[in-house]
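Work through the following exercises with the sequence and the model open side by side. Each task is followed by a solution in steps.

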Amino acid sequence: MMNARRSSGAGGMGPTGRFFGPGELRLAILALIAEQPGHGYQVMSRLADRFNGTYEPSAGSVYPTLQLLEDEGLVRVEPEDGRKVYHATDEGRRAAGEQADDIERLWGRAASRGEWGMFREPEAAEIVGPALRLVKAAVKTLAHAHGDPRVVERILEIFVDARRRIEELDPRRQRMSPQGGEG
C-alpha cells in the first residue's frame, strides 16, 4: 500500500525528505525482480536507472530488503557464477500483480524525479539562479497583491508564454515540426 501521507501525483518527496515511504522500497525491489531476476548489484543498478541518476540506492538498504523478501517467500535465491541471483516466486509475482497500481504510481514518481536529473548538468547552473529569482519575484508579487485574481492570471500568462518560447528553442522540437517552429 502506498504511503497515505503522499500525493499520488508528481512530486516524490515525502514529509521526511525521503523518496520511499514505508514499504515502498520493498515493493520497488519486488517489482524489479518480478520483471527480471538479478543479483543485488543488478537490482541496485536497475533501481538507480529508474531515477535517471537522481537516486542512488545503497547496499545498506537494498540487501536487507532482498533478505526480507526472501524471508517472506516472495523471492528465492539461486547461485549463479558465485553470486546470489534473486528470482520472484509465484507468490512474489502474485503480490506484485496485486499491487500493480501502487507500483505504477511509484515508477511514475521515480520518472518525475528523474526528470530533475538534468539540473546536475553544468549547463543548467547558468539558468537555475535566474529561474529561481523569477519564481521568487512572482511569489513576492502575489503576496503583495493579496491574491488578486488579475495578478494571478497575468503571472500565469507570463509563465506560460515564457515556457512556450523556451520550448521553441529545443532542437528536438524544431526537428519534429515542418517549419522548425511550433509543432
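**Exercise 1. Write down the order of helices and strands along the sequence, and count each kind.**

Solution. Step 1: from the N terminus, the elements run α-β-α-α-β-β-α-α-α-α-α. Step 2: the count is 8 helices and 3 strands. Here helices (H or I, at least four residues) and strands (E, at least two) are DSSP runs, numbered from the N terminus. Residues are numbered from 1 along each chain as its sequence is written.

**Exercise 2. Decide how far the model can be trusted, and where it cannot be read in detail.**

Solution. Step 1: this is a predicted model, in which local features need pLDDT of at least 70, side-chain atom pairs count only at pLDDT 80 or more, and totals for chains, interfaces and linings use all residues; side-chain values use heavy atoms, with hydrogens and water left out. Step 2: pLDDT is the predictor's confidence in each residue, from 0 to 100. The protein has a mean pLDDT of 82, and 80% of its residues reach 70 or more. Step 3: residues 1–16 have a pLDDT below 50, yet this stretch has 33 contacts in the model beyond near neighbours in sequence. A contact means heavy atoms within 4.5 Å. Step 4: where pLDDT is low, the predicted coordinates should not be read in detail.

**Exercise 3. Find the strand order of the sheet and state which strands stand at its edges.**

Solution. Step 1: strands of a sheet pair through backbone hydrogen bonds, either parallel or antiparallel. Two strands count as paired if DSSP finds at least two bridges between them. Step 2: β1 and β3 (residues 83–88) pair in the antiparallel sense over 2 bridges, while β2 and β3 do so over 6 bridges. Step 3: the 3 strands therefore give an open, antiparallel sheet in the order β1-β3-β2. Step 4: β1 and β2 (75–80) are the edge strands; each has a single partner strand, so one side of each is left without a neighbour in the sheet. Step 5: to check the register, look for Gly38 opposite Tyr86 in β3, and for Arg76 opposite His87 in β3.

**Exercise 4. Describe the surroundings of His39: is it buried or exposed, and what does it touch?**

Solution. Step 1: His39 belongs to strand β1 (residues 38–39) and stands opposite Val85 in β3. Step 2: its relative accessible area is 12%, so His39 is buried. The classes are buried under 20% relative accessible area, exposed over 50%, and partly exposed in between (1.4 Å probe, protein chains only). Step 3: leaving aside residues up to four places away in sequence, His39 touches Arg83, Lys84, Val85 and Tyr86. Step 4: for the protein as a whole, buried residues make up 32% of the 183 residues.

**Exercise 5. Compare the packing of α1 against α3 and against α2.**

Solution. Step 1: two packed helices are described by the angle between their axes and the distance between the axes. Axes are lines fitted to C-alpha atoms, for helices over the stretch in contact, and angles run from 0 to 180 degrees between N-to-C directions. Step 2: the axes of α1 and α3 (residues 59–71) come within 10 Å and cross at roughly 75°, which means that α1 is roughly perpendicular to α3. Angles under 35 degrees count as roughly parallel, over 145 as roughly antiparallel, 65 to 115 as roughly perpendicular and the rest as oblique. Step 3: the α1 side of this contact includes Leu25, Ile29 and Ile33, and the α3 side includes Val62, Leu66 and Leu69. By class, the residues are 8 nonpolar, 2 polar and 1 charged. Ala, Val, Leu, Ile, Met, Phe, Trp, Tyr, Cys and Pro count as nonpolar, Asp, Glu, Lys and Arg as charged, and the others, Gly among them, as polar. Step 4: α1 and α2 (residues 40–50) pack at about 110° with their axes 10 Å apart, so α1 is roughly perpendicular to α2. Step 5: among the residues of this contact are Ala28, Leu32 and Glu35 of α1 and Val43, Arg46 and Arg50 of α2. The contact has 7 nonpolar, no polar and 3 charged residues.

**Exercise 6. Locate Asp81 and His146, and examine their phi angles.**

Solution. Step 1: most residues other than glycine have a negative phi, and most peptide bonds are trans. Step 2: Asp81 is in the loop between β2 and β3, has a positive phi of about 50°, and is exposed at 79% relative accessibility. Step 3: His146 lies in the loop between α6 (122–144) and α7 (149–167), with a positive phi of about 55°. At 72% relative accessibility, His146 is exposed.
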